[in-house]
Amino acid sequence: MFKRLFPHPLLSFLLFVTWMLLVNQIKLGSMVMALILAIAIPLLTAPYWPNRPLVRNIPAFAAYVLLVIWDIILANIQVARIILFYRNDQIRSAWIPVPIELKTPEAITMLAGTITMTPGTVTADMSSCGKVLLIHSLHAPDPDAIRDEIKTRYEARLKRIFE
Amino acid sequence: MEQIAEILISALLVIGGIFAVIGSFGLLKLRDTMQRLHAPTKATTIGVGSALIASMAYFLIFEGKISWHELMITLFLFLTAPITATFIAKAQMHSALREEDMPPTGVGTDWATYDPEVEAVDPSIIDPAPKR
């Protein structure tokens, strides 16, 4: 019964909390509405979710989120410095292919999103076999160092969280 | 106490404003689309972020209530910014760049954007005569 009503408990919980935060106050009416949404949306979108994303290690995931927020702040300062103090001909942009070992789509999506939000890199594409990400770097004097940093700093952690 | 809070909130707003201006300046200054993509995905995140923190702090200290909307804005921003950036990058790869401009994948298959075997999402948004 519980499983029939909530095929994705985590998604239902997230929808419930999101709706409550959007309403911005705790009232019975909005809780009923949140509950309706938490039941209806997972049921309607269930065909698009063949497997459940499995976060195996929740403390590690929280640590990862904090690390990424810290890196986003650093990234902002770094990109601001490049924009303000580098002449255009000093900025050496590069395309960098990054081979990845992650297998689950959720982990790869997290990695791609992290790369886009952090220091001077944007995920542009993926090889059609799903084993290499194509990254554009704003200022890459040493492309190998950027690739190694992504692999050790983010990918290794995501591997521990999802796989 | 209130004075310190006011100074802190003002400082956050000014910092946010400075970063937002830098991000917009980057859009003007950088040379090509791929470089310009970096300015709005990053330099403005801190701009929006510190404005939101300032807003939360203001409501907490001066109105005495916790406002959750700012957290939702942050969440939606973090969910949508990378997706938008990837979409713009892919559109740029289709319209202005060619496969020869890219480094090889190193595993034998093409990049998904250029691979004819990968099905397009919606034919109506793609150029009817792809440049190959």
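A residue counts as buried here if 20 or more other C-beta atoms lie within 10 Å of its own. With that in hand, we can start with chain B of this predicted model: of its 132 residues, 24% count as buried. The chain is built from four helices and zero strands, so read along the sequence its elements, as DSSP runs, simply follow α-α-α-α. Contacts tell us something about how chain B folds back on itself: taking those with a separation of 6 or more, residues 24 or more positions apart account for 56%.

Now turn to chain A. Here the secondary structure is mixed, with six helices and three strands. Starting at the N terminus, you will meet them in the order α-α-α-α-β-α-β-β-α. Buried residues make up 31% of the 163 residues of chain A. If we look at contacts in chain A between residues at least 6 apart in sequence, 68% of them join residues at least 24 apart.

What about the overall form of chain A? Its radius of gyration is 20 Å, whereas a compact globule of 163 residues would have one near 15 Å. Along the principal axes, the C-alpha atoms of chain A fill a box of roughly 60 × 35 × 25 Å. The domain assignment is worth holding next to these values: it gives domain 1 (2-48) and domain 2 (58-162) in chain A. Between the C-alpha centres of these two domains the distance is 32 Å.

Let us step into domain 2 of chain A, which spans 58-162, and pick out a few places. Helix H4 covers 58-85 and strand E1 covers 94-99, and A:Tyr86 lies in the loop between them. Is A:Tyr86 buried or exposed? It falls in between: A:Tyr86 is partly exposed, because 15 other C-beta atoms lie within 10 Å. Looking back along the chain, A:Tyr86 and A:Leu74 are 12 residues apart in sequence, and their C-alpha atoms are 17 Å apart in space.

A:Ala80 sits in helix H4 of chain A. This residue is buried, because it has 22 other C-beta atoms within 10 Å. You can also relate A:Ala80 to a position further along the sequence: A:Ser137 is 57 residues away along the chain, and the two C-alpha atoms are separated by 14 Å.

Helix H5 of chain A, residues 105-117, is another useful stop. It has 13 residues and reaches 18 Å from its first C-alpha to its last, close to the 18 Å expected at 1.5 Å a residue. Many positions to inspect here are buried ones, including A:Ala107, A:Ile108, A:Met110, A:Leu111 and A:Ala112. Towards the end of H5(A), A:Thr114, A:Ile115, A:Thr116 and A:Met117 are buried too.

Finally, let us bring the two chains together. How many residues of chain B are in contact with chain A? There are 41, and they touch 36 residues of chain A. On the chain B side, helices H1 (2-29), H2 (33-36), H3 (38-63) and H4 (69-95) each supply at least two residues. H4(B) gives the most, with 10 residues. By residue class, this side of chain B divides into 22 nonpolar, 12 polar and seven charged residues.

Technical notes
Residues are numbered from 1 along each chain as its sequence is written. Chains are lettered from A and ligands numbered from 1 in the order in which they are written. This is a predicted model: local features need pLDDT of at least 70, side-chain atom pairs count only at pLDDT 80 or more; totals for chains, interfaces and linings use all residues. The radius of gyration is taken over C-alpha atoms; the globule rule is 2.2 Å times the number of residues to the power 0.38. A residue is buried if 20 or more other C-beta atoms lie within 10 Å of its own, exposed if 12 or fewer, and partly exposed in between; C-beta atoms are placed from the backbone. Two residues are in contact if their C-beta atoms, placed from the backbone, lie within 7 Å. Ala, Val, Leu, Ile, Met, Phe, Trp, Tyr, Cys and Pro count as nonpolar, Asp, Glu, Lys and Arg as charged, and the others, Gly among them, as polar. The expected span of a helix is 1.5 Å times one less than its number of residues. Domain bounds come from an automatic or database domain assignment.
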